[in-house]
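These are my notebook entries on a single protein structure. I set down what I looked up, one topic at a time.

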Amino acid sequence: MTSFFSKWISKDGDDKIVVSRDEAQLSFLQMRWDNQLAKSFFDTDVSAELNTQFLDYQRQLTALEMDDSHPVCAEISLLSTYLDLYSKLADNGFYYTLDTKVEIDHPIPALLLFPLVKNAVQHGYNSMAERPLRIKITSLGNRISVEVSNRVNHHLASQADTEVMDQYKKRLQYRCGDSFNLFSNSNSATFKVNFQLTIG
């Protein structure tokens, strides 16, 4: 199954969706605080080092506001910490790869890439070392591209239609207008989402 989203068009050709700031902010706020990660942290007897890592990570997130932008490398750094925390706190194992190539450190809206990863973390199966969550982020020329793939969750009708992704689409429409494309496809084994953002 394949789906595509860049913008919705009404039958008369006019843009159909006007996304309010409040609708867009829902996605941002959900990225700034991950209930599942926090529950794992508070339910675990963590080391002093892990305690410091989690609190520093949350301090960085809570300092961000929805209208903030930061370099794509700063976004990648936060994502790397997010994934590392999940791998350390997961009960049944959590495996991932994060590959990045940044030639131009473009500014992007803060936490804009997080929903792509969070959707895979929370709705995919990532507990097998041979089938890890795979994330690729590139910033080349005037384009930022993200590819996220995970072992498919057969208990979901579509990983593309979760609450995380529905809210994300509204934030993209609000912040990015016509400058993005979002594709997803799945088969019996793998769910994959591709995101492209054109800068300037």
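The entries below follow the order in which I worked.

**Entry 1: the kind of model.** I noted before anything else that this is a predicted model.

**Entry 2: the nonpolar core.** I looked up the largest nonpolar core and found that it holds 52 residues. Tyr82, Leu111, Leu116, Leu182 and Phe195 are the members that touch the most other members. I then asked which helix gives this core its largest share. I found that helix 4, residues 72-89, supplies that share with 9 residues.

I followed Leu116 further. Setting aside residues up to four places away in sequence, I listed Val146, Val148, Met165, Tyr168, Leu182, Val193 and Phe195 as the residues that Leu116 touches.

**Entry 3: helix 5.** I turned to helix 5, which spans residues 114-123 and is mostly covered, with 9 of its 10 residues buried. I recorded the buried residues as Phe114, Pro115, Leu116, Val117, Lys118, Asn119, Ala120, Val121 and His123. Lys118 is thus among the buried residues of this helix.

**Entry 4: Ser27.** I located Ser27 in helix 1, residues 21-32. Is Ser27 buried or exposed? I concluded that Ser27 is buried because its relative accessible area is 1%, and the cut-off for buried is under 20%. Leaving out neighbours within four places in sequence, I found Ser27 in contact with Pro115, Gln167, Tyr168 and Arg171. Pro115 also appears in my list of buried residues in helix 5.

**Entry 5: strand 8 and its partners.** I read along strand 8, residues 190-198, and saw that the side chains alternate. Phe191, Val193, Phe195 and Leu197 point to one face and are buried. Thr190, Lys192, Asn194, Gln196 and Thr198 point to the other face and are not buried. I reminded myself that in a regular strand the side chains alternate between the two faces of the sheet.

Next I looked up the pairing. Strand 6, residues 143-151, runs antiparallel to strand 8 over 9 bridges, and I found Val146 opposite Phe195. Strand 7, residues 180-186, is also antiparallel to strand 8, over 7 bridges. Here Asn185 stands opposite Lys192. How many residues lie in the hairpin that joins strand 7 to strand 8? I counted 3 residues.

**Entry 6: strand 5 and its partners.** I found that strand 5, residues 133-140, alternates in its side chains too. Leu133, Ile135, Ile137 and Ser139 point to one face and are buried, while Arg134, Lys136, Thr138 and Leu140 point to the other and are not.

I noted that strand 3, residues 96-102, pairs with strand 5 in the parallel sense over 7 bridges, with Leu98 opposite Ile135. Strand 6 pairs with strand 5 in the antiparallel sense over 7 bridges, and Ile144 is the bridge partner of Ser139. Strands 5 and 6 form a hairpin with 2 residues between them. I recorded that Gly141 in this turn has a positive phi of about 60 degrees.

**Entry 7: the largest pocket.** I closed with the largest pocket, in which about 300 Å³ of space lies. Its lining consists of 14 residues, and Gln36, Ala90, Asp91, Asn92 and Gly93 lie nearest its centre. Helix 2, residues 35-42, and helix 4 are the elements that give two or more residues to this lining. By class, I recorded 6 nonpolar, 7 polar and 1 charged residues in the lining.

Terms used
Residues numbered from 1 in each chain as written. Predicted model: local features only at pLDDT ≥ 70, side-chain atom pairs only at ≥ 80, totals over all residues. Heavy atoms only, no water. Core = buried A, V, L, I, M, F, W, Y, C linked by side-chain atoms within 4.5 Å. Buried < 20%, exposed > 50% of the residue type's maximum accessible area, 1.4 Å probe, protein only. Helix = DSSP H or I, 4+ residues; strand = E, 2+ residues; numbered from the N terminus. Contact = heavy atoms within 4.5 Å. 1 Å grid on protein atoms, 1.4 Å probe; cavity = no way out; pocket = protein on both sides within 12 Å on 5 of 7 lines; lining within 4 Å. Points joined across faces, edges and corners; volume = space filled by probe spheres on them. Nonpolar A, V, L, I, M, F, W, Y, C, P; charged D, E, K, R; others polar. Pairing = 2+ DSSP bridges.
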